[in-house]
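The following paragraphs offer a guided reading of a single protein chain. Please keep the sequence and the three-dimensional view at hand while following the text.

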Amino acid sequence: MRPVVGLGSEVIQLFPPPDRDFRHLRSEPPVGLSVFDCMTEELKPVLKKKREEALPERLLRRVLESMGDVVDRKFGRTVAPKGGLTTSQLIERMKRLIDERVRDEGRKGRIAPHNLKLKVEWGTHSEAPPEILKELEHEVLAEAIDHINDHRYRTLAPVKVETEVDIFTTGVSVDPTFGEFEEELKKEDEAKRAVIDSRIPKGLPNVPDVTIAARVTRRDGTAEVPLIFKPGGKRLNVGRVPDNDLSLNDTTVSKIHATLLLNLEGTLLVADTGSTNGTYINGRRIAYGEARQIEAGDVVGFGDVEVRFKRD
């Protein structure tokens with residue numbers, strides 16, 4: 001059997017066939033010489049060309065691998081050392097947000113958000129290659145569809161991913177929304193609340209106003225705002241813009257974030273009006289459009305702003 005060297009699709013014989021005179025060849029390369037040195041002159045350019053082609057491929061592979069590590073860290077991914085699998089904290093956060101924003105429509109089933117806004121920090125967007133971001137979009141889309149199907153949720157439109165640069169986002173985040181149906185759903189919820197409000201008995205005797213102090217805690221400090229309620233009367237709005245009854249100038253608070261109501265029994269209620277970052281009581285998010293009681297000592301979160309309510 002004649003020794004051969006495989007280079008790609010070519011097979012190069014190191015020794016001539018039996019019908020040629022090879023008595024002048026040694027059985028082993030001389031000391032200090034390689035197989036390359038012992039090749040004939042016509043074979044050396046072929047092997048050299050193959051080596052030159054392989055070098056850029058190895059360098060490119062190393063660059064892509066290092067780039068992949070950087071992108072994984074930017075996207076909040078970690079590598080599980082035991083299984084060697086790439087896991088994404090981003091995907092897990094997205095699934096939790098989808099579950100939190102599901103709407104229970106009774107006989108129509110549970111409706112999940114279908115429009116996934118992939119928000120990318122400006123620096124991350126400018127550094128990451130377009131094909132890496134496109135691959136991330138496909139991964140987010142596939143995981144969202146699987147999660148929705150596994151939980152037997154329904155959607156108002158096909159699930160899709162929209163990537164946008166957000167200067168307020170650190171790294172990468174996913175915001176599940178109802179897309180083009182967002183405003184329509186808000187109007188439906190407002191109509192439902194109007195029906196509930198219309199059931200409050202009219203012509204009741206005058207009830208004195210109740211003052212409740214809202215102690216607001218933000219990243220820049222703490223302030224106290226007095227709120228005047230009419231039991232069973234007007235609701236007070238909470239939001240980012242100044243014309244709200246409780247104005248919270250914070251980027252995590254929506255323009256009209258939530259509403260407060262003091263019912264005839266003197267119970268303080270809060271309802272989320274379709275905010276982006278949610279309304280929480282003691283760290284637990286309340287469902288969109290659902291009124292919940294605020295008890296003494298409760299911490300109510302509007303986005304990242306915490307508020308404690310205290311009666312005078």
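Arginine 218 faces glycine 221, a residue of β11, across a strand pairing. A second pair of opposite residues consists of arginine 215 and glutamate 224, the latter again in β11. The model in which these pairs are seen is a predicted one. Both pairs belong to the region where β10, residues 210-218, runs antiparallel to β11 over 9 bridges. The two strands make a hairpin, and 2 residues lie between them. In general terms, it is backbone hydrogen bonds through which the strands of a sheet pair, in either a parallel or an antiparallel sense.

The hairpin is part of a wider arrangement. An open sheet of 6 strands follows the order β11-β10-β20-β19-β16-β17, and its pairing is antiparallel. At its edges stand β11 (221-229) and β17 (284-285), each of which pairs on one side only.

The chain as a whole may now be considered. Its secondary structure amounts to 6 helices and 20 strands. The protein chain has 312 residues, of which 34% count as buried. Among contacts with a separation of 6 or more, 54% join residues 24 or more positions apart. The exposed surface of the protein chain is about 20200 Å², with 52% of it supplied by carbon and sulfur atoms.

What lies in the interior? The largest nonpolar core comprises 23 residues, and Leu248, Leu260, Phe302 and Phe309 have the most contacts inside it. At least two residues of this core come from each of β10, β11, β12 (236-239), β14 (258-262), β15 (268-272), β19 (300-302) and β20 (305-311). Another core, of 18 residues, lies apart from it and includes Ile91, Ile98, Leu136 and Tyr153. Returning to leucine 260, its contacts beyond four places in sequence are with Leu227, Phe229, Arg235, Leu236, Val238, Leu269, Val270, Ile294 and Phe309.

Is histidine 257 buried or exposed? This residue occupies the loop between β13 (246-247) and β14. Histidine 257 counts as buried because its relative accessibility is 0%, and the threshold for that class is under 20%. Its neighbours, leaving aside residues up to four places away in sequence, are Val238, Gly239, Thr252, Asp272, Thr273, Gly274, Ser275, Gly278, Thr279, Phe302 and Gly303. In addition, a polar atom of the histidine 257 side chain lies 3.0 Å from the backbone nitrogen of serine 254.

Two further loop residues deserve attention for their backbone geometry. Most residues other than glycine have a negative phi. Arginine 152, although not a glycine, has a positive phi of about 60°. Arginine 152 is placed in the loop between α5 (130-150) and β8 (160-165). With a relative accessible area of 72%, arginine 152 is exposed, since that class begins over 50%. Asparagine 282 is likewise not a glycine and has a positive phi, of about 55°. The loop that holds asparagine 282 runs between β16 (279-281) and β17, and β17 is one of the edge strands of the open sheet described above.

Technical notes
Residues are numbered from 1 along each chain as its sequence is written. This is a predicted model: local features need pLDDT of at least 70, side-chain atom pairs count only at pLDDT 80 or more; totals for chains, interfaces and linings use all residues. Side-chain values use heavy atoms; hydrogens and water are left out. Two strands pair if DSSP finds at least two bridges between them. Helices (H or I, at least four residues) and strands (E, at least two) are DSSP runs, numbered from the N terminus. Buried means under 20% relative accessible area, exposed over 50%, partly exposed in between (1.4 Å probe, protein chains only). Contact means heavy atoms within 4.5 Å. Accessible areas come from the Shrake-Rupley method with a 1.4 Å probe; for residues, only the protein chains shown count as cover. A nonpolar core is a set of buried Ala, Val, Leu, Ile, Met, Phe, Trp, Tyr and Cys residues joined through side-chain atoms within 4.5 Å. A polar contact is a pair of N or O atoms within 3.5 Å; within protein, one must be able to donate a hydrogen and the other to accept it, and residues adjacent in sequence count only if both atoms are side-chain atoms.
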